[in-house]
Amino acid sequence: MFTNAKRQEERIGRSGTPRQQYLQDLVAQFQSPTATEELKEKIAANLANLANLANFAYDPYNYAFLRDLNVLELFLDCITEPNERLVEFGVGGVCNACADPMNARVIAQCGGVPLVVQCLSSPVRNTVNYALGALYYLLCCESEGKGSGVGIREEILKDGVAELIRKYVDSGGEVCVSFGNLARAILDKCGWHSYQYKGKVKYFIPMNSIFM
């Protein structure tokens, strides 16, 4: 059941904190110049988890708050931090949020695609998994005509990026099964051709698809 303002008020009661205010308070705490690294990690985790709640996953009522409060941009800022935990939570929030086409458009227009791509080389398994998931969602939005015009597919086909994704496929699940599955789905979306070699799926990019 979708949430609306009336239903939300009924759920939190008169003394509860409205969801928009709760998110706004978290953002303000995170951006405070006195915030410690430990506090930043806690708040970033809360934001990522909020984006992952079931009612956030399907209800546009909640996603509007993420956009209005610039939470999507905050997620992207986290990816630029040297703290691996903040990067993990940041790209996790991006992955959770960009299943929504409007969110995906904001993320792409704010330069989020290269930031997500750089997470593919992270030593943190969750970070890589989130990055692969985010790229797949962004590609889906683009292929359905709901993209940002940024050229997500072109970003992924850049030198080194597609090869890195292909390595996760070629690993045959040795690194992580979900890596291989997501990487395969991304390459399929990008128009790469697959073939079987010694029992493993291999990929190559057709020359004419470079100019598509």
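A nonpolar core here is a set of buried Ala, Val, Leu, Ile, Met, Phe, Trp, Tyr and Cys residues joined through side-chain atoms within 4.5 Å. Keep that in mind. This is a predicted model.

The core, then. The largest one holds 59 residues. Seven names to note, those touching the most other members: L47, V94, L120, L135, I156, I165 and I186. Helix 10, residues 125–143, gives the most to this core, with eight residues.

Take L135. Which residues does L135 contact, leaving aside its neighbours within four places in sequence? They are V113, V116, V117, L120, I156 and I186.

Next, a helix pair. Helix 12 covers residues 161–170, and helix 13 covers 177–189. They pack at about 135 degrees, with axes 7 Å apart. Oblique angles include those over 115 and up to 145 degrees, so helix 12 is oblique to helix 13. The crossing is left-handed.

Who makes the contact? From helix 12, we have A162, I165, R166, Y168 and V169. From helix 13, F179, G180, A183, R184, I186 and L187. By type, that is eight nonpolar, one polar and two charged. Two of these names came up earlier: I165 and I186 are among the core residues that touch the most other members.

Last, a backbone point. Most residues other than glycine have a negative phi. N70 is not a glycine, yet its phi is positive, about 60 degrees. Where is N70? In the loop between helix 5, residues 60–68, and helix 6, residues 71–79. Its relative accessibility is 43%. Partly exposed lies between 20% and 50%, so N70 counts as partly exposed.

Terms used:
Residues are numbered from 1 along each chain as its sequence is written. This is a predicted model: local features need pLDDT of at least 70, side-chain atom pairs count only at pLDDT 80 or more; totals for chains, interfaces and linings use all residues. Side-chain values use heavy atoms; hydrogens and water are left out. Axes are lines fitted to C-alpha atoms, for helices over the stretch in contact, and angles run from 0 to 180 degrees between N-to-C directions. Helices (H or I, at least four residues) and strands (E, at least two) are DSSP runs, numbered from the N terminus. Angles under 35 degrees count as roughly parallel, over 145 as roughly antiparallel, 65 to 115 as roughly perpendicular and the rest as oblique. A crossing is left-handed if the near helix is turned anticlockwise from the far one by less than a right angle, and right-handed if clockwise. Contact means heavy atoms within 4.5 Å. Ala, Val, Leu, Ile, Met, Phe, Trp, Tyr, Cys and Pro count as nonpolar, Asp, Glu, Lys and Arg as charged, and the others, Gly among them, as polar. Buried means under 20% relative accessible area, exposed over 50%, partly exposed in between (1.4 Å probe, protein chains only).
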